[in-house]
Amino acid sequence: MDREQLSHAMKRGHVFRAKFRLNASNRTEAFCTLEGLPSDMTIRGEVNHNRAVEGDEVAVLAFKLKDWFVVYKEREKLAEAGLLPEGKADPLALAEELANMAIAANDDAGVAAAQSPWTVAGGTEAALKVIEDALRARPDMRVTGKVVAVLEPSPRREAIVGVLLTPAAAMAAAAAAGGSSSSAALPPPAAAAAAALASGAYEGCLMLVPLDPRLPKGLLPPGAVAELPEELRAEAAATDLTSRTFVAAAISQWPAGSAFPLVSVRTSLGPTGDIEAGTAALLAGEGIREEDFCLETYACLPKVPWSISSADATYACLPKVPWSISPADAATRADFSAWRIFSIDPITARDLDDALSIQPLGSGRWRLGVHIADVASFVKPGTALDEEAQQRGTSVYLVQRVLPMLPRLLCEHLCSLQPGDPKCAFSIVWEVDENGHIYKEWAGRSIINSCAKLAYPMVQQMIEGCFDPGTWPVKLFHGVTWEQVIFDCMALHGIATRLRSARFGSGALRLTNTKLSFALDTGGNPVSTSAYVQAEANHLVEEFMLLANMRVAGIIARAFPKHALLRRHPPPSERKLEEFKAAAAMLGVTVDSSSAGALQASLNAIRAACQDDAAREVIMLLATKPMQLAQYFCTGEALLPSAWRHYALAMDMYTHFTSPIRRYPDLQVFSRVPVVVGTVINRVTCHPTDLAAKIWLDCGAGSSVEQAAAAAAAAAAAQQGEVVPSAMALETLLED
């Protein structure tokens with residue numbers, strides 16, 4: 001299909017856009033999730049894969065109903081239960097009857113419509129509804145199809161990590177792993193490759209065998225082999241396979257009819273068996289940037305004193321003058337530096353992007369604040385720093401180190417809400433009662449000065465009544481006492497506990513699988529492991545971050561109903577839920593999956609009743625299998641508001657806002673919220689339509705969007721007067 005034909009076919013619902021996923025244990029089988037279908041489309045056979053790679057955005061064509069395959073175990077269960085449809089209620093039987101009638105009438109179009117009824121439904125949504133109805137009528141059937149085009153290549157094409165072998169050694173290893181030594185037993189592409197090997201077509205080539213079984217083996221042609229270092233060529237030719245070197249490669253092309261893509265080796269990552277080389281291989285395979293930030297990125301940073309290594313001597317040209325909040329910037333911010341604000345994080349955390357405050361107002365009311373590091377004031381749109389942050393996407397937390405999204409000067413110093421120094425923040429302040437019910441709300445840019453960097457274990461001891469400040473090397477600032485800090489933490493804990501109870505009472509779901517914590521020796525090698533346990537102190541912070549994210553989602557969605565960046569969590573796969581319930585029943589456990597809340601209640605009962613720790617852990621792990629991944633989306637996409645919901649959190653609207661130091665989507669949302677709250681007075685109101693159009697051009701990360709937001713912010717300031725209320729205005733607001 002050419003592009004015009006493909007576009008026409010997609011609009012008519014003849015082909016569908018989806019992400020291509022390969023079965024890691026069977027490369028001949030792949031899947032595509034189509035919105036609304038109870039089960040995935042299955043793409044069987046490498047010919048039907050059409051050279052698609054794990055993670056590609058592809059266009060897929062659904063096969064005729066008669067070519068869908070049947071899961072016979074499920075069919076038997078339906079038959080035993082008397083649930084198999086008969087006659088015209090069976091979509092397969094109906095299609096056959098209609099096709100026979102069309103054949104008798106010499107109606108070729110009618111035959112095609114009968115065999116693939118979704119093609120005459122009149123559009124993508126209607127076509128998917130036809131397929132969905134057929135699958136629900138016959139739950140034992142699976143829609144099958146093929147890839148007709150790659151719409152957006154996967155980044156994994158540029159990051160294939162593996163080892164080099166001779167084609168003969170690579171294919172012999174694959175045949176041995178598959179339990180076959182005869183080319184006659186191989187699928188067609190593999191048999192063709194075996195025949196090509198026997199004919200000498202791969203003479204002088206090397207084969208890249210990827211670590212990720214979902215990725216294809218790649219062929220290095222003789223010219224590319226000649227450019228490899230001698231030691232790599234010698235290693236690849238050696239018969240001893242125990243000592244190999246990890247290499248990173250990229251697909252250069254995949255000719256039609258070829259069993260393997262052509263690849264080019266980018267770099268050598270180190271020997272197999274070495275922890276650092278293995279880590280580098282994992283990072284490269286996931287496309288995670290490990291290298292330091294470039295000089296252009298550092299040129300975007302404020303000129304402050306900072307240490308440099310000899311390898312970074314180029315950066316020594318930066319003037320060493322102290323950075324501070326400018327008077328002009330301070331004039332646009334509410335000054336909360338006198339408030340008792342503190343952070344609560346893991347003991348080793350240095351990128352502190354959130355802090356909390358609470359003050360009693362009397363009559364059972366509290367002034368509760370969530371304060372987030374104002375990263376957007378440092379990361380200007382369209383700069384090298386912004387582009388680098390977008391490329392990295394997130395900070396990556398390894399066992400032995402952290403790969404930050406932003407330069408450490410920002411994420412660990414200038415932006416990090418370290419105590420004792422004034423910091424730029426964005427604050428959301430509520431007047432709440434002891435149950436967390438919000439009566440008044442204010443949001444805006446601020447200046448804060450944290451009084452303490454607390455750790456989760458410290459706050460947990462406060463909650464348990466066994467905290468001894470003398471055992472913790474933590475300094476308090478601004479004359480704050482431990483009695484005050486403990487009072488604040490306990491007040492926050494009380495409200496957070498009630499918020500959490502209410503959230504789960506409204507149907508929230510939390511799947512808690514055991515996470516490992518590693519102890520390392522001085523060389524960075526793991527020496528022991530233990531289970532990481534989340535305590536009430538973790539839940540305290542979590543509840544207020546969830547609340548802030550939910551409230552910000554409401555702010556931007558109401559202001560820009562067509563252009564807000566939100567995060568949704570689709571309901572779990574119905575079929576996989578049924579499989580989970582059946583597996584749990586084999587262990588003597590009954591599970592109610594009618595809603596997220598019902599599932600949570602069932603899991604709580606299992607935790608309480610199951611005495612076998614291993615069985616309980618298995619059940620909890622199985623419960624995660626039906627869950628779909630949460631997704632970022634733009635409210636302007638073709639989604640009804642009912643599809644915006646976050647299943648696990650039981651929230652109608654949710655976004656990511658509270659971690660802009662370590663997550664780029666938060667930074668994108670964060671950079672736009674000040675534009676919205678320029679017109680916020682106690683309750684959110686919308687910008688004029690023309691301003692909204694300027695602010696949210698799309699939900700991507702392009703610099704043009706941020707430039708438009710900045711322009712709209714200036715326009716809003718000109719139209720509305722003072723954009724951010726002062727501290728005095730805030731006092732008045734919360735006392736109204």
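These legends describe close-up views of a predicted model. Local features need pLDDT of at least 70 and side-chain atom pairs count only at pLDDT 80 or more, while totals for chains, interfaces and linings use all residues. Residues are numbered from 1 along each chain as its sequence is written, and side-chain values use heavy atoms, with hydrogens and water left out.

**View 1. The whole chain holds 25 helices and 25 strands.** Helices (H or I, at least four residues) and strands (E, at least two) are DSSP runs, numbered from the N terminus. The chain has 736 residues, and buried residues make up 47% of them. Buried means under 20% relative accessible area, exposed means over 50%, and partly exposed lies in between (1.4 Å probe, protein chains only). Take the contacts in the chain with a separation of 6 or more: residues 24 or more positions apart account for 69% of them. Contact means heavy atoms within 4.5 Å.

**View 2. Seven strands form an open sheet with mixed pairing.** The strand order is 13-20-19-16-15-14-21. Two strands pair if DSSP finds at least two bridges between them. Strand 13 (334-335) and strand 21 (452-455) are the edge strands, and each pairs on one side only. Strand 14 (residues 341-345) runs parallel to strand 21, and four bridges join them. Aspartate 345 has alanine 455 in strand 21 as its bridge partner.

**View 3. Helix 17 (residues 482-505) lies across five of the strands: 14, 15, 16, 19 and 21.** The helix runs at about 90° to strand 15 (354-362). Axes are lines fitted to C-alpha atoms, for helices over the stretch in contact, and angles run from 0 to 180 degrees between N-to-C directions.

**View 4. Phe336, Trp339 and Trp442 form one aromatic cluster.** The structure holds 10 aromatic pairs. Rings of Phe, Tyr and Trp (its six-membered ring) pair if their centres lie within 6.5 Å; planes under 30 degrees apart count as stacked, over 60 as edge-to-face and the rest as tilted. The ring centres of phenylalanine 336 and tryptophan 442 are 5.6 Å apart and their planes are at 70°, so this pair is edge-to-face. Phenylalanine 336 lies in the loop between strand 13 and strand 14, and tryptophan 442 lies in strand 20 (residues 438-448), so the pair ties together parts that are 106 residues apart in sequence. Phenylalanine 336 is buried, at 0% relative accessibility. Tryptophan 442 is buried too, at 1%.

**View 5. The charged end of arginine 365 sits over the ring of tyrosine 439.** It lies 3.5 Å from the ring centre. A charge sits over a ring if NZ of Lys or CZ of Arg is within 6 Å of the ring centre and within 35 degrees of the ring normal. Arginine 44 also has its charged end over a ring, that of phenylalanine 69, 4.3 Å from the centre.

**View 6. The largest nonpolar core has 91 residues.** Such a core is a set of buried Ala, Val, Leu, Ile, Met, Phe, Trp, Tyr and Cys residues joined through side-chain atoms within 4.5 Å. Leu454 and Phe544 touch the most other members. Helix 18 (residues 536-559) gives the most to this core, with 13 residues. Not counting residues up to four places away in sequence, phenylalanine 544 touches Leu356, Leu368, Val370, Leu492, Ile495, Ala496 and Leu499. Another core, of 27 residues, lies apart from it, with Leu22 and Leu128 among them.
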